[in-house]
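This briefing is for a reader new to the structure shown below. It goes from the overall make-up to the sheet, and then to a database record.

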Amino acid sequence: MASALLRTLTRSSNLGCSTRNFSLVTSQISNHTAKWMQDTSKKSPMELINEIPPIKVEGRIVACEGDTNPALGHPIEFICLDLKEPAVCKYCGLRYVQDHHH
């Protein structure tokens, strides 16, 4: 049954549609990335985010949203701060540490 559905979808997608040239898109992306990496006058996004010192938090868990403006942020990530080294948000790279008061 699944193979019949796949054949039907394949046939219907080929009707009147031209094939896309993905190699052209790939080469454009590669050229853009190469040009960006050759420009040493600008810092990479990771270099910029590493300049921000780790954010001290009182609790054991922090909720990172990337930005105070939801339109500029990312999905909320809850990060556990039980380890001694800073915990890093997997979306934006912000670092968090637990602020011990003793």
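The chain holds three helices and five strands. In sequence order these elements give the pattern α-α-α-β-β-β-β-β, so the helices precede the strands by the DSSP numbering from the N terminus. The model is a predicted one.

**Chain as a whole**

- The chain has 102 residues, and 15% of them count as buried.
- About 8,800 Å² of the chain is exposed, and 60% of that area comes from carbon and sulfur atoms.
- Among the contacts in the chain with a separation of 6 or more, 39% are between residues 24 or more positions apart.

**The sheet**

- An open sheet is formed by three strands, in the order β1-β5-β4.
- The pairing within this sheet is mixed.
- Strands β1 and β4 are the edge strands, and each of them pairs on one side only.

**Pairing of β1 with β5**

- Strand β1 covers residues 55-57, and strand β5 covers residues 95-98.
- These two strands pair in the parallel sense, over three bridges.
- Within this part of the sheet, V57 stands opposite Q98, a residue of β5.

**Pairing of β4 with β5**

- Strand β4 is made up of residues 87-88.
- Strands β4 and β5 run antiparallel and are joined by two bridges.
- V88 has R95 in β5 as its bridge partner.
- β4 and β5 form a hairpin with six residues between the strands.
- In that hairpin, G93 takes a positive phi near 85°.

**Region named in a record**

- UniProt lists residues 59-96 under "domain: Zinc finger CHCC-type", in an unreviewed entry.
- In the model, residues 59-96 are 0% helix and 32% strand.
- The C-alpha atoms at the two ends of this region are 11 Å apart.

**Points to look for in the view**

- Which strands are at the edges of the sheet? They are β1 and β4.
- How many bridges join β4 to β5? The number is two.
- Which residue in β5 is the bridge partner of V88? That residue is R95.

Technical notes:
Residues numbered from 1 in each chain as written. Predicted model: local features only at pLDDT ≥ 70, side-chain atom pairs only at ≥ 80, totals over all residues. Heavy atoms only, no water. Pairing = 2+ DSSP bridges. Helix = DSSP H or I, 4+ residues; strand = E, 2+ residues; numbered from the N terminus. Buried < 20%, exposed > 50% of the residue type's maximum accessible area, 1.4 Å probe, protein only. Contact = heavy atoms within 4.5 Å. Areas by Shrake-Rupley, 256 points an atom, 1.4 Å probe, with all protein chains shown as cover. UniProt positions renumbered as here; feature names shortened; annotations may be inferred.
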